[in-house]
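Work through the exercises below with the sequence and the 3D view open. Each task is followed by a solution in steps.

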Amino acid sequence: MKDFKVAGFPLPLYVLILALTAACMFTGCVPKSLVPAFLVLMVFGEGLNAIGNNVPVVKTYLGGSVICILGSAILTAGGLIPEQTIETLDYFVNDSGFLIFYIAALICGSLFNIDRNLLIRATVKLLPVAVISLSMGILLSGIMGIILGEGFWGGILYIGVPMTSGGMTAGTVPLSAMYSQALGVEAADVLTKMAPATVLGNCVAIIFGGLLNNFGKKHPETTGNGVLVNDGKTVKKTPPLKPTFASLCTGMIIAFAFYQLGAILHRFVPVIPTYAWMIIAVVLVKGTGIMSEELEDAAREWGQFAIKSWTAAALAGIGFTLIDLNTILKTLTPLYLITVVLIVGIITFTASVLGKLVGFFPLESAIAAGMCTTNMGGSGNVAVLSSAHRMELLPFAQIVTRSCGALMLTIGGILVQMVG
């Protein structure tokens with residue numbers, strides 16, 4: 001324990017900082033501003049991450065990333081975090097855009113970190129695998145809907161589609177508006193019915209990510225350890241990073257600029273989400289090679305800096321503000337839980353099998369083309385890939401999540417008109 005550190009601090013010093021942070025929280029000294037919100041997320045995130053990565057059994061089956069999310073969600077649900085702090089964190093993470101700040105860095109950094117030929121030939125195969133896997137999950141949701149008493153179409157509309165629509169903000173909320181208009185009911189009532197499937201599907205995918213990581217360690221022949229394509233072709237290796245303060249600043253501006261470009265394009269073509277436009281723009285720039293290697297390296301370096309510095313904080317923010325365990329528990333029955341687990345399971349298994357057939361490593365295909373269709377958008381991708389220790393798959397996960405999410409929004413809107 002003498003050499004044990006949390007966030008770079010010796011354990012006694014970390015405990016002192018944690019005590020200071022808790023004192024600020026319980027004396028009302030956490031107003032809606034950058035410093036106190038960032039402090040709470042980084043201190044609690046790094047602490048939960050250390051617990052998940054070092055406690056026996058927990059580190060084997062879950063890991064730091066899962067504990068960051070579930071631990072912070074449990075603290076919130078248990079009333080152990082003051083209301084003022086929760087409001088501050090919600091404002092910082094969601095309204096002020098901390099997750100946008102973090103995810104934009106990840107998207108740019110990870111896409112510019114991939115060989116352009118690999119990106120193109122992987123995506124062409126990945127989307128069909130994801131869509132077929134998704135179809136199996138939707139079919140199963142209809143069958144389980146009959147068993148749950150919702151009916152075949154009810155299971156699809158209120159469990160299968162919300163789980164795979166690309167998250168809460170970009171998926172379930174717009175779906176609730178579509179359903180509301182078609183059925184003539186309050187959108188809030190529809191959202192309350194669909195939200196548990198979205199949130200629970202995300203939680204199950206996160207846990208599956210940790211379990212698959214352990215499976216990969218025991219069965220190394222099933223995994224590329226973060227490499228998706230297993231076609232025998234050599235991939236150009238990116239040179240080691242040598243970041244400077246100046247290059248990090250440049251990389252940050254590149255990430256922000258691509259996000260703003262996505263926002264502008266979304267304004268004119270709102271059917272495509274901002275992140276999807278951002279991904280399209282980065283892929284086009286990467287594919288055409290019109291940006292210099294120096295600038296691509298800067299974007300890569302900024303992305304790696306964000307991953308190493310703020311992943312635990314981002315995951316804790318997701319748990320504190322986006323995972324509502326109380327809502328889940330109100331809806332949760334053993335059969336409902338089994339339904340969600342089976343849907344995530346069949347999508348994951350199908351993606352693994354199909355992925356192997358088209359030349360992917362089964363485990364990476366199961367994660368990128370499977371579980372990343374059942375999580376909560378960009379934040380869900382971060383959570384699932386962190387728990388699986390496969391952050392290298394983020395570009396593919398984002399492409400799958402945004403493409404399949406848009407597809408499910410379209411299907412949901414059509415189905416509710418036909419059978420609602």
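## Exercise 1: A salt bridge between two helices

Glu296 and Lys286 form a salt bridge, with 3.2 Å between the closest N and O atoms. A salt bridge is a side-chain nitrogen of Lys or Arg within 4 Å of a carboxyl oxygen of Asp or Glu. The model is a predicted one, in which local features need pLDDT of at least 70 and side-chain atom pairs count only at pLDDT 80 or more, while totals for chains, interfaces and linings use all residues. Residues are numbered from 1 along each chain as its sequence is written, and side-chain values use heavy atoms, with hydrogens and water left out.

Task: Place both partners of this pair in the chain, and state whether Glu296 is buried or exposed.

Solution.

Step 1. Glu296 belongs to helix α13 (residues 293-321) and Lys286 to helix α12 (residues 274-288), so the salt bridge ties together parts that are 10 residues apart in sequence. Helices (H or I, at least four residues) and strands (E, at least two) are DSSP runs, numbered from the N terminus.

Step 2. The relative accessible area of Glu296 is 7%, so Glu296 is buried. Buried means under 20% relative accessible area, exposed over 50%, and partly exposed in between (1.4 Å probe, protein chains only).

Step 3. Lys286 also has 7% relative accessibility and therefore counts as buried.

## Exercise 2: Other salt bridges

Task: How many salt bridges does a search of the whole structure find? Describe the pair Asp297 and Arg300, then the pair Glu150 and Lys193.

Solution.

Step 1. The search of the whole structure gives 4 salt bridges.

Step 2. In the salt bridge of Asp297 with Arg300, the closest N and O atoms are 2.7 Å apart. These two residues are 3 residues apart in helix α13, so about one helical turn separates Asp297 from Arg300.

Step 3. Asp297 counts as partly exposed because its relative accessibility is 24%. Arg300, at 4%, counts as buried.

Step 4. Glu150 and Lys193 form a salt bridge whose closest N and O atoms are 3.4 Å apart. This pair links distant parts of the chain, 43 residues apart: Glu150 is in the loop between α7 (116-148) and α8 (152-163), and Lys193 is in helix α10.

Step 5. Glu150 has a relative accessible area of 36%, so Glu150 is partly exposed. Lys193 counts as partly exposed too, at 38% relative accessibility.

## Exercise 3: Positive phi

Task: What is the approximate phi of Asn225, and what is the phi of His389 near? Locate both residues.

Solution.

Step 1. Recall the background: most residues other than glycine have a negative phi.

Step 2. Asn225 is not a glycine, yet its phi is positive, at about 55 degrees. Asn225 sits in the loop between α10 (187-218) and α11 (245-268). With 58% relative accessibility, Asn225 counts as exposed.

Step 3. His389, also a residue other than glycine, has a positive phi near 55 degrees. His389 sits in the loop between α17 and α18 (394-419). With 46% relative accessibility, His389 counts as partly exposed.

## Exercise 4: Separation in sequence and in space

Task: How far apart are the C-alpha atoms of Ser379 and Ala195, and those of Ala187 and Pro82?

Solution.

Step 1. Ser379 and Ala195 are 184 residues apart along the chain, and 16 Å separates their C-alpha atoms. Ser379 is in helix α17 (residues 377-388), and its relative accessible area of 10% makes it buried.

Step 2. Ala187 and Pro82 are 105 residues apart in sequence, and their C-alpha atoms are 30 Å apart. Ala187 is part of helix α10, and its relative accessible area of 29% makes it partly exposed.

## Exercise 5: The whole protein

Task: How many helices and strands does the protein have, and what is its radius of gyration?

Solution.

Step 1. The protein contains 18 helices and 2 strands.

Step 2. Its radius of gyration is 21 Å, close to the 22 Å that the globule rule gives for 420 residues, so the protein is as compact as a globular protein of that length. The radius of gyration is taken over C-alpha atoms, and the globule rule is 2.2 Å times the number of residues to the power 0.38.

Step 3. Of the 420 residues, 52% are buried.
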